[in-house]
Amino acid sequence: MSRLLLNLRNVPDDEILEVRNLLEEHRIDYFETEPSRWGISMGAIWLTDADDYPRARALLDDYQAQRRERMRAEYRERRRRGEAEGLWQRLRRRPLEMLVYLGVIALVLYLSTKPFLDLAGDG
């Protein structure tokens, strides 16, 4: 019986390709399901044989740990070179978008605390 190895929701294309290569390199049979047309279910990588799951999971965990460190190192290098976009750079580049986000945050905070503030005023 098949077993789910990796849900592909929010997984970048390069990572999907690397996972495919990892499984093929270690001769682990798998298949993929495509996302639904309306985005209700996302694609996934499934193992054909559930008995391969412990070995595939260990390989995937090791790969993801290495990828995480590689991505962090690349980000630190981009920051060192001044190429990584921070909050202030994004604010300068897209001020209207950032103001809309701040407005939504303020509205959510207001609506979340208003009932409690009304109760405090009644006492």
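## Salt bridges

Let's start with charge pairs: this predicted model has 11 salt bridges by the count used here. The general idea is simple: side chains of opposite charge can pair when their charged atoms come close. A good one to look up is the bridge between Arg-67 and Glu-15, whose side chains meet at 3.3 Å, N to O. This pair ties together distant parts of the chain, with Arg-67 in helix α2, Glu-15 in helix α1 (residues 13-25), and 52 residues separating the two.

Arg-67 has another partner in Glu-18, and here the closest N and O atoms are 3.2 Å apart. Once again the link joins distant parts of the chain: Arg-67 belongs to helix α2 and Glu-18 to helix α1, 49 residues apart. If you want a wider view, find the network of salt bridges that links Asp-14, Glu-15, Glu-18, Arg-67 and Arg-70.

Another bridge to find is the one where the side chains of Arg-81 and Glu-83 meet, at 2.8 Å from N to O. Arg-81 has 44% relative accessibility, so this residue counts as partly exposed.

## A closer look at Arg-67

Arg-67 keeps turning up, so where does this residue sit? Its place is in helix α2, which covers residues 53-81. Is Arg-67 buried or exposed? Its relative accessibility is 8%, and because anything under 20% is called buried, Arg-67 counts as buried.

Leaving aside residues up to four places away in sequence, Arg-67 touches Pro-12, Asp-14, Glu-15 and Glu-18. Its side chain makes polar contacts too: one is with the side chain of Asp-14, at 3.2 Å, and another is with the side chain of Glu-15, at 3.3 Å.

How do the bridge partners of Arg-67 fare for accessibility? Glu-15 comes in at 11% relative accessibility, so Glu-15 counts as buried. Glu-18 has 27% instead, so Glu-18 counts as partly exposed.

## Aromatic rings

Time for some rings. A pair of aromatic rings is described by the distance of the centres and the angle of the planes. The structure holds 1 aromatic pair. Its members are Phe-31 and Trp-46, with ring centres 6.4 Å apart and planes at 10°, so the pair is stacked. Why does that angle earn the word "stacked"? Because planes under 30 degrees apart count that way, and the planes of Phe-31 and Trp-46 are at 10°.

This pair also links distant parts of the chain: Phe-31 lies in strand β2 (residues 30-33) and Trp-46 in strand β3 (residues 44-47), 15 residues apart. As for accessibility, Phe-31 has a relative accessible area of 35%, so it is partly exposed. Trp-46 counts as partly exposed as well, at 26% relative accessibility.

There is also a ring with a charge over its face to look at: Arg-3 lies over the face of Tyr-53, at 3.6 Å from the ring centre.

## Two loop residues with positive phi

Next, some backbone angles. Most residues other than glycine have a negative phi. Asn-10 goes the other way, with phi near 60°, a positive value in a residue other than glycine. You can find Asn-10 in the loop between β1 (3-7) and α1. Asn-10 has a relative accessible area of 75%, and since over 50% is called exposed, Asn-10 is exposed.

Arg-27 also has a positive phi without being glycine, with a value near 55°. Which loop holds Arg-27? Look in the loop between α1 and β2. At 74% relative accessibility, Arg-27 counts as exposed.

## One distance across the model

To finish, go back to helix α2, where Ala-65 is found. Ala-65 has a relative accessible area of 28%, so it is partly exposed. How far apart in space are Ala-65 and Glu-85? From C-alpha to C-alpha they are 24 Å apart, with their positions 20 residues apart in sequence.

Note on methods. Residues numbered from 1 in each chain as written. Predicted model: local features only at pLDDT ≥ 70, side-chain atom pairs only at ≥ 80, totals over all residues. Heavy atoms only, no water. Helix = DSSP H or I, 4+ residues; strand = E, 2+ residues; numbered from the N terminus. Buried < 20%, exposed > 50% of the residue type's maximum accessible area, 1.4 Å probe, protein only. Polar contact = N/O pair within 3.5 Å; in protein donor to acceptor, adjacent residues only side chain to side chain. Contact = heavy atoms within 4.5 Å. Phe/Tyr/Trp six-rings, centres within 6.5 Å; stacked < 30°, edge-to-face > 60°. Lys NZ or Arg CZ within 6 Å of the ring centre and 35° of its normal. Salt bridge = Lys/Arg side-chain N within 4 Å of Asp/Glu carboxyl O.
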